[in-house]
Amino acid sequence: MAAHERTQFTLDRITGAALPVLAVAGALVVGALLLLMLGVNPFTAYAALFNGALGNVSGITQTLTKATPLLLVGLGICIAFRGGVINIGGEGQIILGAVSASAFAIGFSHWPGWLLLPLTMLAGTLAGLVWGGIPGWLKARMGVNEILSTVMMNQIALQVMNFLLRGPMLDPAQIAAGTNIPQSAALPEAVWLTRLVPRTLFHSGAILAVILAVAVYFLLWRTTIGYRIRAVGLNAAASRYAGIPVSRYVVLSMALSGAFCGLAGAVEVMGVHHRMIEGMSGGYGFSGIVAALFGKLHPLGAIPASAIFGSLLVGADKMQRSVQVPSSLVVALQGLIVLFVVASDLYVRRRSRRRMEERE
Amino acid sequence: MRGIVKRFPGVLACDAVDFDIRRGEVHALLGENGAGKSTLMKILYGLYSHEEGTILLNGEPVSIRTPTDAIELGIGMIHQHFMLVDTLTVTENVALGLPSSRGPLLDLDRVAARIRELSETYRLDVNPDALVWTLAVGERQRVEIIKALYRGAALLILDEPTAVLTPQEVDDLFHILRRMTQDGHSLIFISHKLHEVLNISDRITVLREGKLMGTVPAQGMSRADLARMMVGRDVLLERNRSPVAQGSARLVLENVSALGVTGHESLRGVSLQIHAGEILGVAGVSGNGQRELAEVIAGLRAVTSGWVEMDGLDVTGQAAGERTQTGFAYIPEERMHDGVVREFSVSENLILQDHTRPPYSKGIFLDFAHIAQHSQELVRNFRVKTPGIETPTKSLSGGNIQKLILARELARLPKVLVAAQPTRGVDIGAMEYIHQRLLDQRETGTATLLISEDLDEVLALSDRIAVMYEGRVMDIVKREETSAEELGLLMAGVYPER
Ligand SMILES: Nc1ncnc2c1ncn2[C@@H]1O[C@H](COP(=O)(O)OP(=O)(O)OP(=O)(O)O)[C@@H](O)[C@H]1O
Ligand SMILES: [Mg+2]
């Protein structure tokens, strides 16, 4: 291989890895313009953001606490994308995962902890699996577009939760006090996840998520199942010709994707809230997609990506409080990052395609 | 083009190549798969950059960085895969991407008029109002030619234009090309079919492994001469078939009917048997049910009546996956699309069917050591030219992707093999090799269905030949007892008088 080629090669590698970071930087620059227009000094604002997210133990633990569900959802999104389907239904799957886990833990609270804790997680996972599997099945059987169906199923999940939290699952203490705040009773302590740093919300779910990221990597690249998921995602026709049951793998990709989102919901109530509350999904079903894209749809890439994205969520929150910018700016900033990440990715792909123009 | 050098990771695709083309000539470019033909042409058309060398046009050095530059200089290229928008009309496709003479308003009438004019001059027989998806392959190709002519191409590059055409369509194309050269157009013609090259070209340039082997006048060359220049050794153009004792019927189709892609009945009551150690050739103009026949056997298309038996077992209701696992192999016609996952590496593509079996996996875990060993072996035995087994398949040359698929299917030692156009797009060296492998398989007792548009190939390899016409098997004849003439008549739906 000629020398200049090797440099070209490594150059591509470096720009490939650096691009997400550049994208974030680009988004921050545009965000700075917005801040200037609001009459806020962008440097103070960003200093607040950075300090808030990473400046002290509290910031860091908050970042990691947020990164946990992002990573779990992100893993689910990776699987779906690799399998050639798009799962926008993370929110609904998280909600139902959390609802089922809570209901299970409360319902069987007398069971021993060593049994109850894994089964509670499993309950959430299974709920997500079903909720993701349905749109997958609809797509495989009837060609229903999974983007539309998952979005609609988010609504259904939301309403199911609304109904349950105001009816059958409403905390008896709330009824007794007559306050009727829509939330469930507290989960039995046996299913609470260990807090890794005292007096913070940071819990052991983070460790589980990282282990699962490695597991997903193995699943996708080291097993026959992952091989088939990727083959179907890249070329359904060739997979069909090779005798791979394509529709089964479409359902499987969606179901696995939903399972990870459902687990994220379960882990969130078990680790952070200790009960089912409204709004616990916190938009993770969507930001998880961004985290996955940010990590180049690679399960290991999703680990740093969700940490970065988590810090952004926490930091933006802090920034909002300390320099008094409207919360919508935070949302705008997130949107900008998505835009930059996706655009930079397209740019790289276009460029490398031009270089290696499609073979005939 | 002078001293053109182009490298890809791990390969030197063009090694100081000189190439020139004169006004009004057909210059053929020959070479084995991966010799660098397409690469050289893509450089000329601005799709690839080159590292060294210069391109001169009428004596002036020019810089061609994008296809737009090339088009402005009067260079056009017809890719093997057409770049047309299916849902638009011919006129709209031609006008696409061009400035309109009426500013922001479309000038489709004027475009259509010009298309008619061009179509008339070169007898292209293209209807400007036709929707592209309704056109056959040959017609689409002519639309591409019109597109290039409309953009003022004086030099036209045709990369394997005949690979997808029926023999009749090839003749038509050659008439068109001759008319174009009479008008002063220059043509670069790439093909692996030597008789075509000898028939149409004025001069021939041969590449081997990126190096220029020489440029010779077509006059006075023979197929054997060209083959030797390309491959560097003598190539057998004749096939040796030893007689093989035929066994029991391995593949039986009984009165099979099936619907085609369009929803019309495309197979009508087909019955045939192939025995162990036999090659049954299927001749016929493409589109007469061959594709459906192959898919029914593969389990990719449901039958509406009749049944399919493999090795005495009724497999009519079996899914494709089950059939592959019990000794069936299929080399699909649209291989680039249906045969490989282009983003996968070479070794990943080599286990597309068998990844769930030992030794390629244990339980659900892939066994990379065995996969690598198997891949190395196949790449070596089938002479697939690739920098390595981890190379993404899409960066292989067209013919080498074909070889990869053949390697995979033949190495599975199938009991029943369906091979659709197995040598389309491969070079003559590879064709010799593939034919030999098909004959070897036959000797080991494989029952082979060989679907090919190349009558010479069918006649060279088959024991018996079935001719298809409008979804029916017109007749099944013994190879020794038939002739190209008889087959030709049958292919046209006429029973010859005996
Ligand atoms: N985009 C690319 N990236 C990496 N390698 C490439 C690329 N394009 C071509 N090559 C390599 O360059 C060599 C020449 O390829 P090219 O496509 O020019 O062959 P060809 O003569 O057209 O062969 P064929 O008859 O099979 O079409 C091959 O070894 C191929 O693997
Ligand atoms: Mg080529």
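## Why the labels fit

Mentor: A:Leu129 sits in helix α5 of chain A, residues 113–142. This is a predicted model, where local features need pLDDT of at least 70, side-chain atom pairs count only at pLDDT 80 or more, and totals for chains, interfaces and linings use all residues. Residues are numbered from 1 along each chain as its sequence is written, chains are lettered from A and ligands numbered from 1 in the order written, and side-chain values use heavy atoms, without hydrogens and water.

Trainee: What makes α5 a helix here?

Mentor: Helices are DSSP runs of H or I with at least four residues, strands are runs of E with at least two, and both are numbered from the N terminus.

Trainee: Why is A:Leu129 called partly exposed?

Mentor: Its relative accessible area is 30%. Buried means under 20%, exposed over 50%, and partly exposed in between (1.4 Å probe, protein chains only), so the middle label applies.

Trainee: And why is B:Ala245 called exposed?

Mentor: B:Ala245 has a relative accessible area of 73%, which is over 50%, so the label is exposed. This residue lies in the loop between α8 (223–231) and β11 of chain B.

Trainee: How do you know that β14 and β15 of chain B pair?

Mentor: Pairing takes at least two bridges found by DSSP. Strand β14(B), residues 305–310, and β15(B) have 2 bridges, in the antiparallel sense. In β15(B), B:Asp314 is the bridge partner of B:Glu309.

Trainee: What is the strand order of that open sheet?

Mentor: The order of its 4 strands is β12-β11-β14-β15 in chain B, with antiparallel pairing. Strands β12 (265–275) and β15 (313–314) of chain B each have a single partner strand, so they stand at the edges.
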